[in-house]
Structures are given as C-alpha cells and as structure tokens.
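Student: Could you take me through one part of this model up close, the helix H8 region, and then whatever connects to it? I'd like one joined-up answer rather than a list.

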Amino acid sequence: MTTAAFGQAPVGLQARLDAFAKGKPGGIAAAWVDAAGVTFFTAGKFSATDPRVITPDTQFEIGSLTKVFTALLLAESERAGRVSRQDPAAKFLLPPGDPDRAGLASVTLLALATHTAGLPRLPSNFSWWNAFFSSDPYAKLDRAALVDSLRQDGVHAKPTGFSYSNFGIAVLGEALGAAWDTSYAEALRAHVLAPLGLAHTTLALAGRAAPADLAPPHQGDKQVPRWTFEAYAPCGALNSSARDLAIFLQAALGGEGAPLAAAFAATTKPQRAVPGGMIGLAWFHTRATKPPVIVWHNGGTAGSRSFLGFNRAQGVGLVLLTNHAEDRLDDLGFALLRGAAAPAQ
C-alpha cells in the first residue's frame, strides 16, 4: 500500500511492488525521492507466520549497501584530518615499525574504497565451507583475524584493476575506526549515522539481538537466520528502513547545505573505470554514454536484498528493500529510475 504521497513517483510503482511480493512469504518496501518530497510504498508482510505488514519503518538487512556508508566515513575522516585517502591501511592496523608495513604500502584507503587494491573478494584463509554452509559466516571474524588476512594476502596484492572485495572494505572500515581511536561501529555512528539523523539504522553485530521490527530473511519459502558481523561489519552489517534510507537519499541529492554534503560529493565523484561504467568511493555509476547516469549500489545477504540509486541531474532517487533472496531487485530499480527519466509520450 502507499503510505505517504508527497513526491511524484512513477505511475505503476505500487502495482510493480504488489507483483514482486505476490506469492512470497516476505515483503518489500520502497521510497521514491524527488524535489517534491518522498513517497513510500509497501507490499507484503513479515513472514508466513508473522502477519505484521511491511511499513516504511520496517528494518531490513541491507548487506553491501553498508559499503557506501563506510565510504562516507572515509570522506568524513579525511575532511576531519584523521586520514588521507592515500594512506596505507596498514598505517592504522599495524604497529609502528612492523616489518609488514612496507609490503602493504600499495593497499591504500583509496584503493580499498574503489576495489582496486588487488585484494580477493574474501581472504585466502577464509573458510569457503563456512561461506557456503554456515548460517552466519562472518560472525566470528574479528579484527585480529582480519589483520592476519591482510598480512597474508596484502603483500601479494597487485593494484592493477577492479576486483570487488568484501575483504577490502572490511579492512577499510577497521582502519577508519582505528584512525578515530575507537571501533568502526562507534566511528560510523558518531560521524555518519548521527549527523544524518538515522536513528533506526543499526549494525548487526555478533552477540546482539535483532531489532524487533527486522523483517526476517527468506530463501524461497524458507525463513533463514540473519547475518551478524564483527570485523566484516563495514562491508555488510547494516540494517535499515525505507524511511531512514529516504533521509539518506535526500542528503545525497541535496547538494550544499545537506548533512554531510562534502562527504557525499567526495564519495560520488567518479574515480576509476569499471565494467559497466565508473566507480566513486564505493558508489557505482552507469555508463555516461547511456543516459541517464545512475549512481547506485545494491546489497544482499542470505535472505534479503536491497537497492539504492539516484539520478542527480533530475533529482530523483529510489530505495528498494526486500526480505527475500530475489535477484531481480536491481532490474526493478533501474527500470523505475530510467522510466522516470523517459520523456512523456
């Protein structure tokens, strides 16, 4: 159902969400952002055994959308003089005089944020059995394990091209927490979440209970456990709602005067060419030769998917969140954003 109507959302958006949710045990939430404001749309319920309807305040696992929040922390840390993007991550994660620092000099914060540090998607000492068969594969990976992985794989990293890396963003986030002399979680809260006013965006940290309004993740008809994190929190641990991510999108589109305006400008500026377009600091850009250019990221866990994208030239943006492992969510997001950019017939 549509729960607010301030913006000018694409015609048929609610019908497409209804069709997406039909026959699934979970649901979907959307926020359309434009110059007129925000429109929220929802469809479905929490699960087959939980009849609560999805609302704009329902929290979902947002997976790799966490990476753009980590990139904002990088930009804010640089603005505050805590780091330079050219700093090696080892400067903050290894003690002074550590002999491994020299071999890790190419693994810079910028290279990590653009997935060009040459680190693998997951470290070589990560258990692939754990990745594929554990119900909570990241829960026991702490900073010590992450630093051991960096020592092993970082010295062999060749920063010659784009290679998407959860490992790399985890290193980035942990380095930023250390640069603030605190944890990643506390640095993110203080310098990103609080300034944006995102009171209902939280990290799923190991050992902490799930939020009461978290939509349970699903694969097919089966409810699956949520993921929790320690040192890999920077790459995928956030839970958030359509309402909070609409605030986030409004800031991304707001320009000067918006919260974290300088950080959003820094993170969304294209840095490197990647397959399909460009990358900023974590944010992807579709090809400029196929307008409109959409700045975007997505996310996925064992049983949830997310999409966030915006077209700054037209001042429109879209959030999609679902508690179902449905890989067509990106297609829906791009179709809605591109449809909004199409001229009227």
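**Around helix H8**

Tutor: Start with a helix pair: the axes of H2 (residues 66-79) and H8 come within 10 Å of each other and cross at roughly 75 degrees. Angles of 65 to 115 degrees count as roughly perpendicular, so that's the label for H2 against H8. Bear in mind that this is a predicted model.

Who makes the contact? On the H2 side you'll find Thr66, Phe69, Thr70, Leu72, Leu73 and Glu76. H8 answers with Tyr184, Ala187, Leu188, His191, Val192 and Leu193. By class, the residues of this contact split into eight nonpolar, three polar and one charged.

Now stay with H8, residues 184-196, and look at the pocket it helps to line. This is the second largest pocket, with a volume of about 210 Å³. It has 14 lining residues, and Ala185, Thr202, Leu203, Leu205 and Arg208 are the closest to its centre. Two elements give two or more residues to that lining: H8 and strand E5 (202-203). H8 provides the largest share, four residues. Sorted by class, the lining has seven nonpolar, three polar and four charged residues.

From E5, follow the chain into the loop that runs to strand E6 (218-219), and there you meet aspartate 213. Is aspartate 213 buried or exposed? Neither, quite: its relative accessibility is 27%, so it counts as partly exposed; the buried class needs under 20% and the exposed class over 50%. Leaving aside residues up to four places away in sequence, aspartate 213 touches Phe46, Arg52, Asp57, Thr58 and Gln59. There's also phenylalanine 60, which sits 153 residues from aspartate 213 along the chain, yet their C-alpha atoms are separated by 8.5 Å.

To finish, have a look at the largest pocket, at about 720 Å³. Its lining runs to 34 residues, with Tyr138, Trp227, Gly300, Thr301 and Ala302 nearest the centre. The elements giving two or more residues here are helices H5 (128-133), H9 (233-236) and H12 (329-341), along with strands E12 (295-300) and E13 (305-311). The class count for this lining is 14 nonpolar, 12 polar and eight charged.

So what should you click through on screen? Try the H2 and H8 crossing, then the pocket where H8 gives four lining residues, then aspartate 213 in the loop between E5 and E6.

Key:
Residues numbered from 1 in each chain as written. Predicted model: local features only at pLDDT ≥ 70, side-chain atom pairs only at ≥ 80, totals over all residues. Heavy atoms only, no water. 1 Å grid on protein atoms, 1.4 Å probe; cavity = no way out; pocket = protein on both sides within 12 Å on 5 of 7 lines; lining within 4 Å. Points joined across faces, edges and corners; volume = space filled by probe spheres on them. Nonpolar A, V, L, I, M, F, W, Y, C, P; charged D, E, K, R; others polar. Buried < 20%, exposed > 50% of the residue type's maximum accessible area, 1.4 Å probe, protein only. Contact = heavy atoms within 4.5 Å. Axes fitted to C-alpha atoms, helices over the stretch in contact; angles between N-to-C directions. Parallel < 35°, antiparallel > 145°, perpendicular 65-115°, else oblique.
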